[in-house]
Amino acid sequence: MADQPTTAEPVRARFSPRRKQQISRGVQYAILVVALVAVALYADWGSLAENFAKVQVAEQALPDLFTIALRNTIIYAVGGFVFAFVLGLVLALMRLSQVKPYRWIAILYIEIFRGLPALLIFLMITFLPLALPGFEVPFGTYGQGILGLGLVGAAYQAEVFRAGLQAVPKGQTEAARSLGMSATRAQVTVVIPQAVRMVIPPTTNQFVSLLKDSSLVLFLGVSGEYVELAKFGNDLASQYANATPIMVAGVTYLIVTIPLGYLASRLEGRKGRNR
């Protein structure tokens with residue numbers, strides 16, 4: 001007699017892997033819907049709107065939100081990025097140099113500034129006049145913010161550049177040298193431009209990170225015309241005893257960072273397709 005299926009056979013063994021995946025996904029969706037409904041029923045939407053989305057308070061942030069806070073945030077971020085870009089490239093070249101002291105200096109810098117919290121760097125900058133009497137950072141408050149962001153960003157940007165420089169085929173340098181170029185000229189005209197093009201996507205992400213880190217400028221004690229978004233939102237929130245200005249500042253950050261993040265993803269995808 002042919003073997004008959006036993007009733008002891010586990011029920012789940014009768015389902016195909018695809019069916020099991022569909023059941024699992026359905027259970028996850030059901031749990032998510034239940035969680036969302038529970039949050040919607042539990043939340044006090046009136047109180048949330050009053051404390052985090054009060055239109056009258058939000059209106060008080062305009063137009064200074066854009067003409068002062070956002071403008072300063074962009075100044076700090078762009079200035080810090082340019083500083084980090086240049087110093088990061090120099091550090092990357094030093095890290096790959098055959099001169100050992102250069103490598104040691106670059107490694108020491110990168111490890112220190114990647115290991116320390118960015119907040120501590122900004123706090124140290126505030127004490128520079130005490131440690132170095134008579135020394136002043138150029139461009140005042142703007143210079144201090146750019147210096148802090150640049151010092152931190154350069155450590156990360158150096159590693160990005162190092163990866164890009166190492167990704168350039170050595171044959172490119174050999175071909176340039178065979179045409180009579182010096183090692184320095186081959187590096188400047190052949191290797192570095194290719195490396196820069198390769199690291200555009202992660203460099204864009206670095207700019208987004210610096211834009212968000214610009215909020216640390218508030219620890220420099222900025223006020224008045226030098227405030228950035230985080231400080232601006234916090235000051236207004238304290239003035240009106242309402243969190244709406246902080247939410248407005250957060251939305252303004254997102255208006256800038258989300259398109260930049262999308263751009264970085266598109267550039268990364270295009271780079272992957274071109275390989």
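**Exercise 1. Trace the salt-bridge network around Glu 159 in this predicted model.**

Start with the link to Arg 95. The side chains of Glu 159 and Arg 95 form a salt bridge, with N to O at 3.0 Å.

Next, place the partners. Glu 159 sits in helix 8 and Arg 95 in helix 4. They are 64 residues apart, so this pair links distant parts of the chain.

Now check burial. The cut-off for buried is under 20% relative accessible area. Arg 95 has 19%, so Arg 95 is buried. Glu 159, at 17%, counts as buried too.

Then look for a further partner of Glu 159. Arg 162 forms a salt bridge with Glu 159, and the closest N and O atoms are 2.9 Å apart. Both of these residues lie in helix 8, three residues apart, about one turn of the helix. Arg 162 has a relative accessible area of 21%, so Arg 162 is partly exposed.

Join the pieces. Shared partners connect Arg 95, Glu 159 and Arg 162 into one network.

**Exercise 2. List what Arg 95 touches, leaving aside its neighbours within four places in sequence.**

Locate the residue: Arg 95 is in helix 4. Its contacts include the charged residues Arg 103, Glu 159 and Arg 162. Complete the list with Ala 106, Ile 107 and Ile 110.

**Exercise 3. Characterise the salt bridge between Arg 114 and Glu 111.**

Take the distance first. The closest N and O atoms of Arg 114 and Glu 111 are 3.6 Å apart. The cut-off is 4 Å, so a distance of this kind qualifies.

Then the position. Both residues lie in helix 5, three residues apart, about one turn of the helix.

Then exposure. Arg 114 is partly exposed at 34%. Glu 111 is partly exposed at 43%.

Finally, the tally: the whole structure holds five salt bridges.

**Exercise 4. Classify two of the aromatic pairs by geometry.**

A search of the whole structure gives six aromatic pairs. Begin with Phe 81 and Phe 207. Their ring centres are 5.4 Å apart and their planes meet at 80 degrees, so the pair is edge-to-face. Phe 81 belongs to helix 4 and Phe 207 to helix 11, so the pair ties together parts 126 residues apart in sequence. Phe 207 is buried, at 17% relative accessibility.

Turn to Tyr 109 and Phe 113. Here the centres are 4.3 Å apart and the planes are at 25 degrees, so the pair is stacked. The two residues are four apart in helix 5, about one helical turn. Tyr 109 is buried at 16%, and Phe 113 is buried at 17%.

Extend the search to the cluster. Ring pairs link Phe 81, Phe 85, Phe 161 and Phe 207.

**Exercise 5. Describe the largest nonpolar core and find which helix gives the most to it.**

Get the size. This core has 32 residues. Leu 91 and Tyr 109 have the most contacts inside it.

Assign the elements. Those giving two or more residues are helix 4 (64-95), helix 5 (100-115), helix 6 (118-126), helix 8 (140-167) and helix 11 (200-213). Helix 8 gives the most, with eight residues.

Zoom in on Tyr 109. Beyond its neighbours within four places in sequence, Tyr 109 is in contact with Leu 87, Leu 91, Leu 151, Ala 154 and Ala 155.

Look outside this core. Another core lies apart from it, with 11 residues, among them Ala 61, Ala 69, Val 227 and Leu 236.

Technical notes
Residues are numbered from 1 along each chain as its sequence is written. This is a predicted model: local features need pLDDT of at least 70, side-chain atom pairs count only at pLDDT 80 or more; totals for chains, interfaces and linings use all residues. Side-chain values use heavy atoms; hydrogens and water are left out. A nonpolar core is a set of buried Ala, Val, Leu, Ile, Met, Phe, Trp, Tyr and Cys residues joined through side-chain atoms within 4.5 Å. Buried means under 20% relative accessible area, exposed over 50%, partly exposed in between (1.4 Å probe, protein chains only). Contact means heavy atoms within 4.5 Å. Rings of Phe, Tyr and Trp (its six-membered ring) pair if their centres lie within 6.5 Å; planes under 30 degrees apart count as stacked, over 60 as edge-to-face and the rest as tilted.
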